[in-house]
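Visitor: Could you take me through how the helices are packed here, and set each label against the rule behind it?

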Amino acid sequence: MLSKNIELALNHQIRIEAESSQTYLSMASWSETHGLEGISKFMYAQSDEERAHMLKLVRYINERGGHARVSELKAPKISYETFKEMFEELYKHEIFVSESINELVHISFSEKDYATHNFLQWYVAEQIEEEAQAKLILDKINLIGDDKGGLYLFDRDIQQMTLKSTTSKDSK
């Protein structure tokens, strides 16, 4: 059985994951309308992944005797000056999500809810991957600079990252 405090904190994380999905969806749409097919496919896949993270929390709360809540979401940013700005915001967002997950782990440990603490370890590992991937992408973007040919190759490469990521996650 979940304590009310943990149920509240997990429901807050549901909202964060849902807003993350919307953020990535908005980035996908912006990329698609700017001819960045590879980036848009990457963002659509990330949006789907964040929704799956949200659903995992919903099911966990309900299975543990709580009640998962679907709340109103804050609208994501819909426009960016550059694709680099978009990825900088993506990286900052992933750091924010990691901080939120870390706070959940802290709460679960403080309340001696070891089942929830164990459940959250998957999210901790996932966020390590998400942050590392966002940082790697940002590093590549910084290498490209203003080179349009580099952007073309980057757009193709990130589409390949999407395919590899989807394939490896499907096998887990």
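Guide: Axes are lines fitted to C-alpha atoms, for helices over the stretch in contact, and angles run from 0 to 180 degrees between N-to-C directions. Helices (H or I, at least four residues) are DSSP runs, numbered from the N terminus. The model is a predicted one, in which local features need pLDDT of at least 70 and side-chain atom pairs count only at pLDDT 80 or more, while totals for chains, interfaces and linings use all residues. Residues are numbered from 1 along each chain as its sequence is written, and side-chain values use heavy atoms, with hydrogens and water left out. On that footing, helix α2 (residues 37–63) and helix α3 (residues 83–110) pack at an angle of about 20°, with their axes 13 Å apart.

Visitor: What makes α2 roughly parallel to α3?

Guide: Angles under 35 degrees count as roughly parallel, over 145 as roughly antiparallel, 65 to 115 as roughly perpendicular and the rest as oblique. The angle between α2 and α3 is about 20°, and α2 is therefore roughly parallel to α3. Where contact means heavy atoms within 4.5 Å, I39, F42, M43 and E50 of α2 meet F83, M86, F87, L90 and E94 of α3. By class (Ala, Val, Leu, Ile, Met, Phe, Trp, Tyr, Cys and Pro nonpolar; Asp, Glu, Lys and Arg charged; the others, Gly among them, polar), this contact has seven nonpolar, no polar and two charged residues.

Visitor: Why are α2 and α4 called roughly antiparallel?

Guide: Helix α4 (114–144) packs with α2 at an angle of about 170°, their axes being 12 Å apart, and the two are therefore roughly antiparallel to each other. On the α2 side the contact includes F42, Q46 and E49, and on the α4 side it includes A115, T116 and F119. The residues of this contact divide into eight nonpolar, four polar and five charged.

Visitor: How do you know which way α1 runs relative to α2?

Guide: The axes of helix α1 (residues 4–33) and α2 come within 8 Å and cross at roughly 165°, which makes α1 roughly antiparallel to α2. Their contact divides into 15 nonpolar, ten polar and five charged residues.

Visitor: How do you know that the span of α3 agrees with its number of residues?

Guide: The expected span of a helix is 1.5 Å times one less than its number of residues. For the 28 residues of α3 that gives 40 Å, and the end C-alpha atoms are 41 Å apart, which agrees. For α1, with 30 residues, the first and last C-alpha atoms are 44 Å apart, close to the 44 Å expected.

Visitor: Why is S100 called buried?

Guide: Buried means under 20% relative accessible area, exposed over 50%, and partly exposed in between (1.4 Å probe, protein chains only). S100, in helix α3, has a relative accessible area of 13% and is therefore buried; not counting residues up to four places away in sequence, S100 touches Q13 and I16. E103, also found in helix α3, has a value of 43% and is therefore partly exposed.

Visitor: What makes K112 exposed, and what is its phi?

Guide: The relative accessibility of K112 is 62%, so K112 counts as exposed. K112 lies in the loop between α3 and α4, and its phi is near 55°, a positive value in a residue other than glycine. Most residues other than glycine have a negative phi.
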